[in-house]
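Thanks for coming, everyone. I'll walk you through one model today, so have a look at the screen and then we'll start from one residue and work outwards.

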Amino acid sequence: MKLTLTTFLSLDGVLQAPGQPDEDREGGFEHGGWLIPHADEDMGTFVGEWFEDADAFLFGRKTYEIFAAHWPNVVDDDDPTPTRLNKCPKYVVSRTLDTPDWAGTTVIKDDVVAEVRRLKSEPGNELQVHGSGELARTLIEHGLVDEYRLWFFPVFLGSGKRLFEGAKVPATLQLVDSKKTSTGAVIHIYRPAPETPES
């Protein structure tokens, strides 16, 4: 399976708490819900198209708990987002979660990198990661992301957790597509650039 990473970012690279004021106040973050004024029909269309390609999902614990509190209660056979989330296998990386309530969930406690490599070797279309900042940084560091779907929203926050914060391994990405929404969000889709042969 191809591992895709979809992340909502401010213009200054912040991914913390895009959806709700109390989603993640760690570090005294007070700008939660910054994405909401910029959500529109285009956003729903693009997200829905990508969810149709999912065969499995991989989450960090915090993002998993946000999703698990909402999506099991949404039933709409015409909407690929709840349909795929509720029917596809889900994997959550956590040292503390033992008995997840969301049906179809497996907890990964040890050797995350090895387990993700194993999942990627399984047949299927996409293993999707949404948000999950800490997990995303681990995946990036170990070269496990096959496609980045980075949503940049027209807002500057000045503080908060950033996707590439503390990145230890430099990398070059190749832009393969761009989209924009009616509210000014821009989605850049990147894949790791092919390695340049040594001369």
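Let's start with Phe153. Setting aside anything within four places in sequence, Phe153 is in contact with Phe8, Leu9, Ser10, Leu11, Trp34, Leu35, His38, Met43 and Ala185. Before I go on, please keep in mind that this is a predicted model.

So where does Phe153 belong? Phe153 is part of the largest nonpolar core, which has 27 residues. Together with Trp34, Phe57, Phe59, Leu85 and Trp151, Phe153 is one of those touching the most other members. Several elements feed into this core: H1, strand E2 (54–60), helix H2 (61–68), strand E6 (147–153) and strand E8 (186–192) each supply at least two residues. And which of them gives the largest share? That's H1, with 5 residues. As a bit of background, nonpolar side chains tend to be buried together in soluble globular proteins. There's also another core, apart from this one, made of 25 residues, and among them are Leu3, Leu9, Tyr91 and Tyr148.

Now back to one of those partners of Phe153, which is Ser10. You'll find Ser10 in strand E1, residues 2–10. Is Ser10 buried or exposed? Its relative accessible area is 0%, so Ser10 counts as buried. Leaving out residues up to four places away in sequence, Ser10 touches Trp34, Phe152, Phe153, Val155 and Leu157. Trp34 turns up on the contact list of Phe153 too.

Next, the helices. Helix H1 covers residues 41–51 and helix H3 covers residues 80–87. Their axes come within 8 Å and cross at roughly 35°, and the crossing is left-handed. Which residues do the meeting? From H1 we have Val47, Gly48 and Phe51, and from H3 we have Pro80, Thr81, Arg84 and Leu85. Sorted by class, that contact has 4 nonpolar residues, 2 polar and 1 charged. You may remember Leu85 from a minute ago, in the largest nonpolar core.

Sticking with H3, the buried residues there are Pro80, Thr81, Pro82, Thr83 and Leu85. What covers them? The cover includes H1, E2, H2 and strand E3 (90–93). Have a look at the start of H3 as well, where a side-chain oxygen of Asp79 comes to within 2.9 Å of the backbone nitrogen of Thr81.

H1 has its less hidden spots too. Take Thr45, which sits in helix H1. Thr45 has a relative accessible area of 36%, so we call this residue partly exposed. Here's a pairing that's far apart along the chain: Thr45 and Thr181 are 136 residues apart, and their C-alpha atoms are separated by 9.9 Å.

On to the loop between E1 and H1, where we find Asp24. Asp24 is a charged residue, but is Asp24 buried or exposed? With a relative accessible area of 14%, and the cut-off for buried being under 20%, Asp24 is buried. What does the side chain do in there? One partner is the backbone nitrogen of Glu26, reached at 3.0 Å. Another is the side chain of Lys161, in a polar contact at 2.7 Å. Not counting residues up to four places away, Asp24 touches Gln16, Ala17, Phe29 and Lys161.

Ala17 is worth a stop of its own. Ala17 is also in the loop between E1 and H1, and at 3% relative accessibility Ala17 counts as buried. Its phi is near 50°, a positive value in a residue other than glycine.

We get another positive phi at Asp111, near 45°. Asp111 lies in the loop between E4 and helix H4 (112–121). This residue is exposed, with a relative accessible area of 54%.

Last stop, strand E4 itself, residues 105–108, where Thr106 sits. Thr106 comes out as partly exposed, at 40% relative accessibility. Leaving aside its neighbours within four places in sequence, the contacts of Thr106 are Lys90, Tyr91 and Val92. Tyr91, by the way, is in that 25-residue core I mentioned. And how far is Thr106 from Gln20? They are 86 residues apart in sequence and 26 Å apart in space, C-alpha to C-alpha.

That's the tour. Happy to take questions.

How values were computed. Residues are numbered from 1 along each chain as its sequence is written. This is a predicted model: local features need pLDDT of at least 70, side-chain atom pairs count only at pLDDT 80 or more; totals for chains, interfaces and linings use all residues. Side-chain values use heavy atoms; hydrogens and water are left out. Axes are lines fitted to C-alpha atoms, for helices over the stretch in contact, and angles run from 0 to 180 degrees between N-to-C directions. Helices (H or I, at least four residues) and strands (E, at least two) are DSSP runs, numbered from the N terminus. A crossing is left-handed if the near helix is turned anticlockwise from the far one by less than a right angle, and right-handed if clockwise. Contact means heavy atoms within 4.5 Å. Ala, Val, Leu, Ile, Met, Phe, Trp, Tyr, Cys and Pro count as nonpolar, Asp, Glu, Lys and Arg as charged, and the others, Gly among them, as polar. A nonpolar core is a set of buried Ala, Val, Leu, Ile, Met, Phe, Trp, Tyr and Cys residues joined through side-chain atoms within 4.5 Å. Buried means under 20% relative accessible area, exposed over 50%, partly exposed in between (1.4 Å probe, protein chains only). A polar contact is a pair of N or O atoms within 3.5 Å; within protein, one must be able to donate a hydrogen and the other to accept it, and residues adjacent in sequence count only if both atoms are side-chain atoms.
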